[in-house]
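Please read the following explanation with the model open beside it. It goes through the strands and their turns, then the core, then a pair of helices.

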Amino acid sequence: MSSGDRSSTGNVWIDTFNELIDEELDYTDRWSLNFNYKITDTLSREKKKEGWKISSRHVYASFCCSKCHHQWNSARVLVIFHYRLREKTERGHVIMRPFRQVCDACKSNGEHYEIPRFSEDKVEEILLGLLSKIKKNCYGEDYLDDGIDSSRSKVYRTKPHKSSLCEACRDGICCQDDYKDD
Ligand SMILES: [Zn+2]
Ligand SMILES: [Zn+2]
């Protein structure tokens, strides 16, 4: 490995994103990924005019309560991305929001939302899906739907989704199609 200029941020999402942009995208635009826990599954008219697009999907993730250390898994963790390419400045921006869940064991002590944890494989799979969208919607590349999302990904068995514990359900945007584009 000779890539001495690739600085690691310690965040698996941002590090994996930077690596995949390097490896998968044949353009000189500089892309960045940031988190924002306030974005939703809709774009205002202004945002759309500015070129923002949305991709969202439900994925498998695990949780560990920071208070009582109760652990659980969920196959229905909503992740939303807003993304756009600004051709003038040759910069691409991605904003992501993973939706949190309330610990079932602590919920009587007030709602305490925990951030989901994803395996590195899962992070890469999700970001590769996002890159396909970026290639298609920002660069006009043909998008070959090779069925990654349905056939190749594992089917995880978890307990039934409890809407009362899910931040996306609280916001009324959870129970939609598993894969959505705008
Ligand atoms: Zn707890
Ligand atoms: Zn939900």
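Strands E3 and E4 run antiparallel and are joined by 8 bridges. This is a predicted model, and the pairing of these two strands is a convenient place to enter it. E3 covers residues 71-86 and E4 covers residues 91-98. To see how the two are lined up, find Tyr83, which stands opposite Val94 in E4.

The two strands form a hairpin with 4 residues between them. Thr89 lies in this loop, and Glu90 lies in the loop between E3 and E4 as well. Is Thr89 buried or exposed? A residue counts as exposed if 12 or fewer other C-beta atoms lie within 10 Å of its own. Thr89 has 9 such neighbours, so it is exposed. Glu90 has 12 other C-beta atoms within 10 Å, and therefore it is exposed too. The backbone of Glu90 has a further feature: its phi is positive, near 55°, although the residue is not a glycine. Thr89 can also be located relative to a residue elsewhere in the sequence. Its C-alpha atom is 9.1 Å from that of Arg30, and the two residues are 59 apart along the chain.

Now go to the other hairpin that involves E3. Strand E2, residues 53-64, pairs with E3 in the antiparallel sense over 11 bridges. In this pairing Ser62 stands opposite Asn73 in E3. E2 and E3 form a hairpin with 6 residues between them. Which residue in the turn has a positive phi? His69 does, at about 65°, and His69 is not a glycine. His69 sits in the loop between E2 and E3. With 9 other C-beta atoms within 10 Å, His69 falls within the limit of 12 or fewer and so counts as exposed.

For the strands themselves, one general point helps. In a regular strand the side chains alternate between the two faces of the sheet.

Next, consider the core. The largest nonpolar core has 28 residues, and Val79 and Phe81 touch the most other members. Which elements each supply at least two residues of this core? They are helix H1 (12-24), strand E1 (30-35), E2, E3, E4 and helix H3 (120-139). Val79 can be followed in detail. Leaving aside residues up to four places away in sequence, Val79 touches Ser56, Arg57, Val59, Met96, Pro98 and Ile126.

The helices H1 and H3 also meet each other. Two packed helices are described by the angle between their axes and the distance between the axes. For H1 and H3, the axes come within 10 Å and cross at roughly 50°. An angle under 35 degrees would count as roughly parallel, and 65 to 115 as roughly perpendicular. The angle here is in neither range, and H1 and H3 are therefore oblique to each other. Their crossing is right-handed. On the H1 side, the residues that meet H3 are Val12, Trp13, Thr16, Phe17, Leu20 and Glu24. On the H3 side, they are Glu120, Val123, Glu124, Leu127, Leu128 and Leu131.

Finally, step back to the whole chain. Its secondary structure comes to 5 helices and 7 strands. Along the sequence these follow the pattern α-β-α-β-β-β-β-β-α-α-α-β. Of the 182 residues, 24% count as buried. How many of the contacts between residues at least 6 apart in sequence join residues at least 24 apart? The share is 63%.

Key
Residues are numbered from 1 along each chain as its sequence is written. Chains are lettered from A and ligands numbered from 1 in the order in which they are written. This is a predicted model: local features need pLDDT of at least 70, side-chain atom pairs count only at pLDDT 80 or more; totals for chains, interfaces and linings use all residues. A residue is buried if 20 or more other C-beta atoms lie within 10 Å of its own, exposed if 12 or fewer, and partly exposed in between; C-beta atoms are placed from the backbone. Two residues are in contact if their C-beta atoms, placed from the backbone, lie within 7 Å. Two strands pair if DSSP finds at least two bridges between them. A nonpolar core is a set of buried Ala, Val, Leu, Ile, Met, Phe, Trp, Tyr and Cys residues joined through C-beta atoms within 7 Å. Axes are lines fitted to C-alpha atoms, for helices over the stretch in contact, and angles run from 0 to 180 degrees between N-to-C directions. Angles under 35 degrees count as roughly parallel, over 145 as roughly antiparallel, 65 to 115 as roughly perpendicular and the rest as oblique. A crossing is left-handed if the near helix is turned anticlockwise from the far one by less than a right angle, and right-handed if clockwise.
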